[in-house]
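Welcome! Let us take a friendly walk through a protein model, stopping at two residues and a pocket.

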Amino acid sequence: MSSPKTLQPKLSLSDLYDSNVVYSSRPSYLANPWLEAEEHQSNFLTARELIIANQLPVIVHKASVTDKIQQLFEMIGKDMPENIYSFEDRQTYERLLKDIAHTQNKKIYFQYIHEESVVNKKHYALDKDIFVALNNKSRIPEWTNFKQLPKREIVKMEEFETKIKEWDFPFVLKPGDELPTAGGYGVMICYNNTDLAKAKARIKKAEDATQTMIIEQMIEAVANYCVQFAYSEQRGIQYIGTSEQLTDKYGHYNGNHNSIDVPEKVIQAGREIMEIGVSKGYFGVAGFDLLLDKNGDIFAIDLNFRQNGSTSMLLLEPLLTQGFHKFYSYIAPCDNTHFFNTIKKYVARGVLLPLSYYDGDWYKDDDVKSRFGCIWHAENQAEVEKLERQFLKELNANNK
C-alpha cells in the first residue's frame, strides 16, 4: 500500500458542494417504519464520510469523534477533520440544525429528508422536492427512461390483499412512496406463504405512513452492482466506480466489495440515469442498484440519489492496496477495549482502513457496544477473507 500521507481520494465531498453547505448523514429522529431507526446505528452513520469530507463541515455525534477515531486516523497518516458540528441527542441535534439554518444562514445537504417542523425545505442545499422525487421508488421508471425494469405493479394499500393474489412466488415487496429505506430493511422478498405472512404483518404496521406498495418481479441475478457517479456544475458527471453488493437471500445488506471488470453497458446504464437526475436538478453523489441476470439483461431495482455505504471505498481507492477491497462495519461482540485494541492491530498491519468508530465508552452510565466502519484491502479476495476470519476469531475469543 502506498502511503496515505501523500495519496488523495479520487475526489472529496468539498469538491462537490459550496462552502456554505453543511452535511448531515443522520436519519431523522422521526419514526419511519421502513428504516430501522436504532439510535446508536443512526448516530454511528454520522461519521461514515469523515475521511472523504475534506473541507465540507459534517454534523457528527460526539461518540464518533472521540480520541479513538483520532488514534486510528493517525495510524494511517490522516489528520482528524476540523470542520465538525457535534451533537449528543435529539434535542441537541435538532437545535443544531436550526442554528445552522437560521443563525449561521447555511444550507444543509441531507442524506435523509427531515420533517418541516425541524428544517424548512428552503434551508436544503439540494431542493427537497427534487430529492424526494428522485428517491421515490414508485417513480423509478421515469428516472430510467422506462428501461431496464423488472415487471412491477404499484398498488394502493387497500388493494394490496387482492392484487398480491395475482402474483406467483417469488416476488419482492417495497414501499411505494417517499419514505427512505436503507440496508435492504424496506425490501421484503417473498419465496412462500410464510414470507408473505411476515411481510403482511410489517405492511399492516406501516399502513398509516404508507399509501402504496410496489410488487416486483424477483430477478435471479448473477451480479448485484452499485454503480456510482458524482456531479457538480464545475466538474460535470464523473464516474467514481462500481461495487458489488453483498446480500443474503432476503436482500439484507452485508457490505460491498470493489468490482473491477464491470460490463460497460452497466456503467452506461448508470450514467444515463445520472444524466436524467442531473437534468432534474440533482447534484452530489448517487449510486444505482443494477442487477445483471444470466442472459446479460440489466434491471434497475433501486436508485439512491444520495451517498451509499461503499462511496468512501470507491473514492479512497488510491489509498488502498491494489486488489480486493471490502467495505463493512462491525458491532463489538466483546468488551469495547478488546474490540478497539484488535482493530488497532489490523490497522497497524496495513490491511484495514478505518472510516469511523462509534465509541460506546463515551456513554458513561450506559452499557453501549462500540461500532466500527472500515475497508479491508489486500491483493485478492482469499486474503481478505482470511484476514477477516482471523479478526473475528480474535474478537470472539475474548467473548467466551
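The notes below cover the basis of the model, then the two residues, then the pocket.

This is a predicted model, in which local features need pLDDT of at least 70 and side-chain atom pairs count only at pLDDT 80 or more, while totals for chains, interfaces and linings use all residues. Residues are numbered from 1 along each chain as its sequence is written, and side-chain values use heavy atoms, with hydrogens and water left out.

Here are the two residues side by side; strands are DSSP runs of E with at least two residues, numbered from the N terminus, and buried means under 20% relative accessible area (1.4 Å probe, protein chains only).

| Residue | Strand | Relative accessible area |
|---|---|---|
| S232 | β9 (residues 221–232) | 2%, buried |
| F87 | β3 (residues 84–87) | 1%, buried |

The S232 side chain comes to 3.1 Å from the backbone nitrogen of R235. Setting aside residues up to four places away in sequence, S232 touches D15 and L16, where contact means heavy atoms within 4.5 Å.

For F87, with neighbours within four places in sequence left out, the contacts include R26, Y29, H61, Y93 and L96. F171 is 84 residues from F87 along the chain, and their C-alpha atoms are 41 Å apart.

Now to the pocket. The second largest one has a volume of about 420 Å³. Among its 21 lining residues, I51, N54, Q55, D79 and P81 are the closest to the centre. A lining residue has an atom within 4 Å of a point on the 1 Å grid.

How values were computed: Helices (H or I, at least four residues) and strands (E, at least two) are DSSP runs, numbered from the N terminus. Buried means under 20% relative accessible area, exposed over 50%, partly exposed in between (1.4 Å probe, protein chains only). A polar contact is a pair of N or O atoms within 3.5 Å; within protein, one must be able to donate a hydrogen and the other to accept it, and residues adjacent in sequence count only if both atoms are side-chain atoms. On a 1 Å grid over the protein atoms alone, a cavity is a set of points where a 1.4 Å probe fits but cannot get out, and a pocket is an open set with protein on both sides within 12 Å along at least five of seven lines; lining residues have an atom within 4 Å of a point. Grid points are joined across faces, edges and corners, and a volume is the space filled by probe spheres set on the points.
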